[in-house]
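Subject: Structure handover and findings

Dear colleague,

Please find below the sequence and structure that I am handing over to you. My notes on what was found follow directly after.

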Amino acid sequence: MKKHVITLVLLGAMLLGGGIFMVTGSKELSLTERRTLAQWPKLTWQNISTGKFMSSAEDAAADQFPMRDTFRSMKAYYLRYGQHQLDNNGIYVTDGNAAKLEYPLQDASIKHAISLMDKIYKRYLLGKPVKCYYSVVPDKNYYLAAQLGYPSMDYEALLATLDSSLRMTYIDLFGQLDENSYYNTDPHWNQETLLPVANALTQAMGVPAPEVIQTLDAGEFSGAYAGQSALPLKEDRLRYLEIASQDSCSVLDVANNTQIPLYNLDKVGSRDPYDFFLNGASPIQIITNPKAKSNRELVIFRDSFGSSISPLLADSYAKITLVDLRYTYSDVLSNYISFTNQDVLFLYSTTILNNSQTLH
């Protein structure tokens, strides 16, 4: 009887302690999942009467549960090794390389992306002395999914639709990449492998290829898929390339009117280590390089993949303007860019094209 009482007391203490911790020890961010966690709602009559309190409390209870990451890992282990489930949270792992399922091809999303690019072409580029190009960055599934039996989008249909719709020159990058061109724990391509991509782009656009003088190492990092999969993936190395004229480059973040580095070592241990490149996402950034191998200018409409290829192209172009339409609107571009005598490149990943509602 005494043992039963002790057991009940310990169990009650654990439940009480866990409940107190959940309510009072809330966390704002999940570094492993890279998202904001739900917070406990305020206890007000309006929240209670509308049902908002209970709904918000359920979300907070799930996000603020003690040892949440530990239980997520246990679940992932069970599904992978106990149930032999091929993916967890849409992420599958093969030989330590994680990728996220991206299928099927979303026709409405592709049409939206094409409509936006065509709108920009007609409004700012048509009839102007500019050369227009577009290129597509395949996600890792292009190289991994089919050979492993996972579903993937119809890449041929995607490229055919773009080709029949866009009045620009296409630059093929699919053949310059493979499954080793990406980080194992992250969806992004690895800059260390991108010199063939930079050479393909500069050759197609008629400027000298960049000159890389050395590869540097910024340390280890765990990418987005490490936390999302909840599996113990080996950390990647964040290696980056130094171009010959790097010391003469300067980068302006237009939104904040501040100078930022090409490579920010302080970001390696941050919530998103890929922000190491160009300090992370920003509406408009301008790279200038008076010692570039040409006096040409380039405008890149880009997503996050553009952050790591642009520092290489800075050796080839005297000025590069980066536009991220996830954070600004195409209607205001004339306030910042005068489209004349430039090369213009639309560089988007298949993931963004297939989820283009983020582009404005």
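Before anything else, a question to look at in the viewer: is Asp315 buried or exposed? At a relative accessibility of 0%, Asp315 counts as buried. Please keep in mind throughout that this is a predicted model.

**Salt bridges**

Asp315 is also a convenient place to begin with the charged pairs, since its side chain meets that of Lys293 in a salt bridge with an N to O distance of 2.7 Å. This pair links distant parts of the chain, with Asp315 in the loop between helix H10 (306–313) and E13, and Lys293 in the loop between strand E11 (284–288) and strand E12 (297–302), 22 residues apart. In contrast to the buried Asp315, Lys293 has a relative accessibility of 35% and therefore counts as partly exposed.

The count of salt bridges comes to 12, and another of them joins Arg123 to Asp331, where the closest N and O atoms are 2.9 Å apart. Because Arg123 lies in helix H5 (residues 107–125) and Asp331 in the loop between E13 and E14, the pair ties together parts that are 208 residues apart in sequence. Both partners are given as partly exposed, Arg123 at 47% relative accessibility and Asp331 with a relative accessible area of 39%.

A further salt bridge is formed by Arg326 and Asp324, with 2.6 Å between the closest N and O atoms, and here both residues are buried. Finally, Glu192, Asp217, Glu220, Arg237 and Arg239 are joined in a network of salt bridges.

**Aromatic pairs**

The structure holds 17 aromatic pairs. One of these brings together Tyr124 and Phe339, whose ring centres are 5.2 Å apart and whose planes stand at 35°, so the pair is tilted. Since Tyr124 belongs to helix H5 and Phe339 to the loop between E13 and E14, this pair ties together parts that are 215 residues apart in sequence. Tyr124 and Phe339 are both buried.

Trp189 and Phe305 form an edge-to-face pair, with 5.6 Å from centre to centre and 70° between the planes. Here too distant parts of the chain are linked, as Trp189 is in the loop between strand E6 (169–170) and helix H8 (195–205) while Phe305 is in the loop between E12 and H10, 116 residues apart. Trp189, at 0% relative accessibility, counts as buried, and Phe305 is buried with a relative accessible area of 7%.

In addition, ring pairs link Tyr142, Tyr143, Tyr155, Phe174 and Tyr182 into a cluster.

**Helices H6 and H7**

Two members of that cluster lead on to the helices, as Tyr143 is among the buried residues of H6 and Tyr155 is among those buried in H7.

In helix H7 (residues 155–165), the buried residues are Tyr155, Leu158 and Leu162. They cover an arc of only 60° around the axis, which puts them on the same side of H7. On the other side of H7, by contrast, Glu156, Asp163 and Ser164 are exposed. The buried residues of H7 pack against H5, strand E5 (131–137), helix H6 (141–148) and helix H11 (350–353). At the start of H7, a side-chain oxygen of Asp154 comes within 3.3 Å of the backbone nitrogen of Glu156.

As for H6, its buried residues are Asn141, Tyr143, Leu144 and Ala145, and what covers them includes strand E3 (91–94), strand E4 (97–100) and H7. Just after H6, Gly149 takes a positive phi of about 85°.

**Gln342 in the loop between E13 and E14**

The loop that holds Asp331 and Phe339 also contains Gln342, and it runs between strand E13 (319–323) and strand E14 (343–349). Gln342 counts as buried, at 6% relative accessibility. What does the side chain of Gln342 reach at 3.0 Å? The partner is the backbone oxygen of Ser338, and a polar atom of the Gln342 side chain also lies 2.8 Å from the backbone nitrogen of Thr340. Leaving aside its neighbours within four places in sequence, Gln342 is in contact with Pro129, Val130, Lys131, Glu297, Val299 and Ile337.

With best regards

Note on methods: Residues numbered from 1 in each chain as written. Predicted model: local features only at pLDDT ≥ 70, side-chain atom pairs only at ≥ 80, totals over all residues. Heavy atoms only, no water. Helix = DSSP H or I, 4+ residues; strand = E, 2+ residues; numbered from the N terminus. Buried < 20%, exposed > 50% of the residue type's maximum accessible area, 1.4 Å probe, protein only. Polar contact = N/O pair within 3.5 Å; in protein donor to acceptor, adjacent residues only side chain to side chain. Contact = heavy atoms within 4.5 Å. Salt bridge = Lys/Arg side-chain N within 4 Å of Asp/Glu carboxyl O. Arc of directions from axis to C-beta. Phe/Tyr/Trp six-rings, centres within 6.5 Å; stacked < 30°, edge-to-face > 60°.
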